[in-house]
Amino acid sequence: MATSSGTMRQSGGLLVRAVLPCTILLAGWIGYSKLAEQVEEKPTPAAEERTLRTKVEKLEVIDYPVVIKTHGVVQAHNRVTLAAEIAGAVTKVSPSFEAGAYFSKGEVLLEIDEQNYKTALAIAESRLLAAKSALKLANLNEERKLRLIKSNAVSQAEVEVASATREQAEADADLAATEVERAKLDLKRTKVLAPFDGRVQTKSIGLGQMTSPNSPLGEIFAVDFAEVRLPISARQREYLELPEFADDAPVEVVLQDAINEDSDASWRARIVRTEGVLDENSRELFAIARIDDPFGRNSDNPPLRIGQPVVASIEGVVLRDVIALPRAAVRQLDKIVLVDSSEKTLLPLSIDSIWSDAEHVIVSSSEIPTGKWLATTAMVFTPEGAKVDIIPDASPPESLAKCTSANDSESAAN
């Protein structure tokens, strides 16, 4: 029995070893057959045709005034370093001689100790009196010698000596008079006067300090008008008529604050001259604009500070018979899309601009065909001749319009 059972187990193991590879091969063949079958693809649905839609703007032929935008910094037209002309101790400083203070022409800003200069003037005047007395004696002596020579009472040599003495006395008197004038001038220089109406930028000296000739006292600048140096490019110069000579008409300019863009403040200026030399690096021409009363002392204008950066809008020439295209409607700098007003079809067009600024691109009216509108909506694909739907301009709902009309009527009745 034991032998029979062992024989059966051995036969079963052999059967499993024979059947298992066959089963694996059969499963592989069935899987391959399934994968090899061609999958039937569902037909792709036809693409839905979409009509292009755009807003349009009517194009009008106009005369367009060119406005040149540039920038600059406000500068004082006359800025000087105030310096002492004599030596001495500062004995008085005016309240007008402080940083930021205003002063008027001829106002005493600072005083230097004058005692030494009063003494020098007194000495010079005494020397002048002595020189005048010596001159008077020399004149009398010469006149007496001239009378005596007629009677041969004196020699010619004595007359010549008297004349030479008189000439020497005249020179001494002139020198003494000059010394008096110099002493008076030095005494006058003890008071430092304002050379013009202006304002103090910096003060370099104080009460009790010693000065010497040419020592700086402070920096001051004139306030009657200020100037702005404005760079003008070669392209911008084509549309400006800048003054070249003193009798040329000035060009109007409007200045605005370049730091605070939200500020509504503006200042009127005039370009009165150009520097006449192109910048070596940029090849720009600098125009000089003048602003009268920059600190608003004689007007209600807000003060315009020295050193303040400004944006300048300069009135240029007027372009005749042109079309102003919104800059947002111009693509790739020179591409626009037109819409036929009757057929409602697209017409892409390349343009050659005459002028452009931040808001508009200006083209000649001859470049735009008649009977066309300008497409203002950005479209990715704009085939020529494609039909478009015009998007109407947004308008308030009828109920809102009626409500607004009713409110206006009630307000008028009240």
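Two strands are counted as paired if DSSP finds at least two bridges between them. In this predicted model, four strands meet that criterion in an open sheet ordered β2-β21-β17-β18, with antiparallel pairing. β2 (56-58) and β18 (346-350) occupy the edges; each has a single partner strand, so one side of each is left without a neighbour in the sheet. On average, neighbouring strands of this sheet are turned by 40 degrees against each other, direction ignored.

Within the sheet, the pairing of β17 with β18 can be described by residue. Strand β17 comprises residues 335-340 and is joined to β18 in the antiparallel sense by five bridges. Val339 has Leu346 of β18 as its bridge partner. Strands of a sheet pair through backbone hydrogen bonds, in either a parallel or an antiparallel arrangement.

Further antiparallel pairing involves strands β13, β14 and β15. Strand β13 (residues 251-257) runs antiparallel to strand β14 (residues 266-278), and six bridges join the two. In this pairing, Leu255 lies opposite Trp267 of β14. Strand β14 also pairs with strand β15 (residues 285-292), again in the antiparallel sense, over five bridges. Here Arg270 stands opposite Arg290, a residue of β15.

The β14 and β15 strands form a hairpin, with six residues between them. In the turn of this hairpin, Arg283 adopts a positive phi of about 60 degrees. Strand β14 is thus described through two pairings, with six bridges to β13 and five bridges to β15.

Note on methods:
Residues numbered from 1 in each chain as written. Predicted model: local features only at pLDDT ≥ 70, side-chain atom pairs only at ≥ 80, totals over all residues. Heavy atoms only, no water. Axes fitted to C-alpha atoms, helices over the stretch in contact; angles between N-to-C directions.
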